[in-house]
Structure formats: C-alpha cells, structure tokens
Amino acid sequence: MANDLTSNPWVIDTASATSLTTQRIKVKGVRWIGATTAGHTCVIQDDDSKVKWASVAPSSNYVEADTPTNSTPWNGIKVPTLGSGTLYIEF
C-alpha cells in the first residue's frame, strides 16, 4: 500500500523525511493502529523538524488515538518514523 493523501483523514503507512505537505495544516486528530512490535515508534514533525506528535508502542497490536492540544496550525507535515502499522491524520 502507499500513503493516501486524497481524502480526510490522510492514511500513512510509509515513513519518509520528505514533507507530505508544506502548507499550514490544522490537525484535528491522530490515530495510529496496528503497531506490530513493542518499542516501535511513530513520529510526526512539521517542516522545521519540530516534533508535533510521537508515540511508542508498549505491545503488539497497539492502537492510540489523540487530539493534539495545540490549536495552532502546523507548518507542514512529515512522518520520518513509522515503525509499523498505519497512521491516520485528520484535519
């Protein structure tokens, strides 16, 4: 599968240091599902490489959903680390 940025939420299954978008984005929610191994990590950064959201799976088949508390739009989005599973970014 490949990243799907054609609808809301975005579906990310492949990490990359390349920006998914350079536009300012107001993120409403993040959900990470299907981490296969304890210790796998997921990191979302803005275009300035500032961490906007991060998590570490404590076990296999891990699921986490979160609503970012900062109401400021993010300056771009990239997902440089996605150990396993699928990340959903709602905006």
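Strands E1 and E8 (residues 86–90) run antiparallel and are joined by three bridges. Within this pairing, isoleucine 12 has leucine 87 of E8 as its bridge partner. Strands here are DSSP runs (E, at least two residues), numbered from the N terminus. Two strands count as paired if DSSP finds at least two bridges between them.

The model is predicted: local features need pLDDT of at least 70, side-chain atom pairs count only at pLDDT 80 or more, and totals for chains, interfaces and linings use all residues. Residues are numbered from 1 along each chain as its sequence is written, and side-chain values use heavy atoms, with hydrogens and water left out.

E1 belongs to an open sheet of four strands, in the order E1-E8-E3-E6, with antiparallel pairing. Strand E1 (10–12) and strand E6 (62–66) each have a single partner strand, so they stand at the edges with one side lacking a neighbour in the sheet. On average, neighbouring strands of this sheet are turned by 10° against each other, direction ignored. That angle is taken between axes, which are lines fitted to C-alpha atoms, and angles run from 0 to 180 degrees between N-to-C directions.

Strand E7 has pairings too.

| Strand pair | Bridges | Direction |
|---|---|---|
| E2 (residues 16–25) and E7 (residues 74–82) | four bridges | antiparallel |
| E4 and E7 | three bridges | antiparallel |

Arginine 24 stands opposite asparagine 75 in E7. Cysteine 42 faces leucine 82 in E7.

Glutamine 45 lies in strand E4 (residues 41–45). Glutamine 45 is buried (under 20% relative accessible area, 1.4 Å probe, protein chains only), because its relative accessible area is 15%. Its contacts (heavy atoms within 4.5 Å), not counting residues up to four places away in sequence, include Lys50, Gly76 and Pro80.

Notes
Buried means under 20% relative accessible area, exposed over 50%, partly exposed in between (1.4 Å probe, protein chains only).
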